[in-house]
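Student: I have a model on screen and a list of labels for its parts. Can we test each label against its rule?

Tutor: Gladly. Here it is.

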Amino acid sequence: DSFAENEQLSSVREGRLQTTLKGLRWRLGSRLEQPNLKASLESSLLLVLQDQQSRRLAAAAELSLRPIDGKLPAEFSVPPLFLLHQPEELGAYLCNLVVARHF
């Protein structure tokens, strides 16, 4: 029983990881191939902090424009470009913040 449960849990985790990766690729769009810091209504910006001495990843966060409505956007939410005519104003949205344990 325990082995089967662990195997099922592992499968669920792998599925979630793949969905998360696809969602991130969807939101970052062309910035994955042509990184830039320009404001964009089409894609999110991934900010990454690297330790100068060790070159290890210290932290990362995703920054995008989202409606200021208090709602959590979906994994595959539409780009802000398609939200310009919504009644809610667009504002900076920070998500997926991660910090390495050694920092």
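Tutor: Start with the rule for pairing: two strands pair if DSSP finds at least two bridges between them. Six bridges join β1 to β2 (residues 57-67). Six meets the cut-off of at least two, so β1 and β2 count as paired, and they run antiparallel. Keep in mind that this is a predicted model.

Student: Which residues stand opposite each other in that pair of strands?

Tutor: L49 faces A59 of β2. Q50 has L57 of β2 as its bridge partner.

Student: What makes β2 and β3 a pair?

Tutor: The count again. Eight bridges link β2 with β3, in the antiparallel sense. The rule asks for at least two, so the label holds. One position to look at is L63, which stands opposite L94 in β3.

Student: What holds paired strands together in general?

Tutor: Strands of a sheet pair through backbone hydrogen bonds.

Student: What is the strand order of the sheet, and is the sheet open or closed?

Tutor: The order is β1-β2-β3, and the sheet is open, with antiparallel pairing. β1 (45-50) and β3 (90-99) are the edge strands, each pairing on one side only. From one strand to the next, the twist averages 20°.

Student: How do you know that β2 is largely enclosed?

Tutor: Count its buried residues. Buried means under 20% relative accessible area. Eight of the 11 residues of β2 pass that test, so the rest of the structure largely encloses this strand. R66 is located in β2. Its relative accessible area is 11%. That is under 20%, so R66 is buried.

Student: How far is R66 from D51?

Tutor: Their C-alpha atoms are 30 Å apart, with the two positions 15 residues apart in chain numbering.

Student: Why is the contact of E62 with R27 called a salt bridge?

Tutor: The rule wants a side-chain nitrogen of Lys or Arg within 4 Å of a carboxyl oxygen of Asp or Glu. For E62 and R27 the N to O distance is 2.7 Å. That is within 4 Å, so the label is earned. E62 sits in β2 and R27 in helix α1 (residues 2-28), so the pair ties together parts 35 residues apart in sequence. The rule gives a count of one salt bridge.

Student: Are E62 and R27 buried or exposed?

Tutor: Set both against the cut-off of under 20%. E62 has a relative accessible area of 1%, so it is buried. R27 comes to 12%, so it counts as buried too.

Student: Which residue has its C-alpha 5.8 Å from that of E62?

Tutor: N96, which is 34 residues away along the chain. N96 lies in β3.

Student: Why is N96 called partly exposed?

Tutor: Its relative accessibility is 46%. Buried is under 20% and exposed is over 50%. The value falls in between, so partly exposed is the label. N96 also has a positive phi of about 55°, although it is not a glycine.

Student: Which residue takes a positive phi in the hairpin of β1 and β2?

Tutor: R55, with a phi near 65°, in a hairpin that has six residues between its strands. R55 is not a glycine either. It belongs to the loop between β1 and β2.

Student: What makes R55 exposed?

Tutor: Exposed means over 50%. R55 has 56% relative accessibility, so it qualifies.

Student: Which residues make the nonpolar surface patch?

Tutor: V78, L81, F82 and L84 make a patch of about 380 Å². Take F82, in the loop between β2 and β3. A patch residue needs over 30% relative accessible area. F82 has 60%, so it clears that bar, and it counts as exposed as well.

Student: How confident is the predictor in the chain?

Tutor: The mean pLDDT is 85, and 99% of the residues score at least 70. Among the elements, β1 has the highest mean, 93, and α1 the lowest, 83.

Key:
Residues numbered from 1 in each chain as written. Predicted model: local features only at pLDDT ≥ 70, side-chain atom pairs only at ≥ 80, totals over all residues. Heavy atoms only, no water. Helix = DSSP H or I, 4+ residues; strand = E, 2+ residues; numbered from the N terminus. Axes fitted to C-alpha atoms, helices over the stretch in contact; angles between N-to-C directions. Buried < 20%, exposed > 50% of the residue type's maximum accessible area, 1.4 Å probe, protein only. Patch = residues over 30% accessible without salt bridge, like charges linked within 9 Å, V, L, I, M, F, W, Y side chains within 5 Å. Areas by Shrake-Rupley, 256 points an atom, 1.4 Å probe, with all protein chains shown as cover. pLDDT = per-residue confidence, 0-100.
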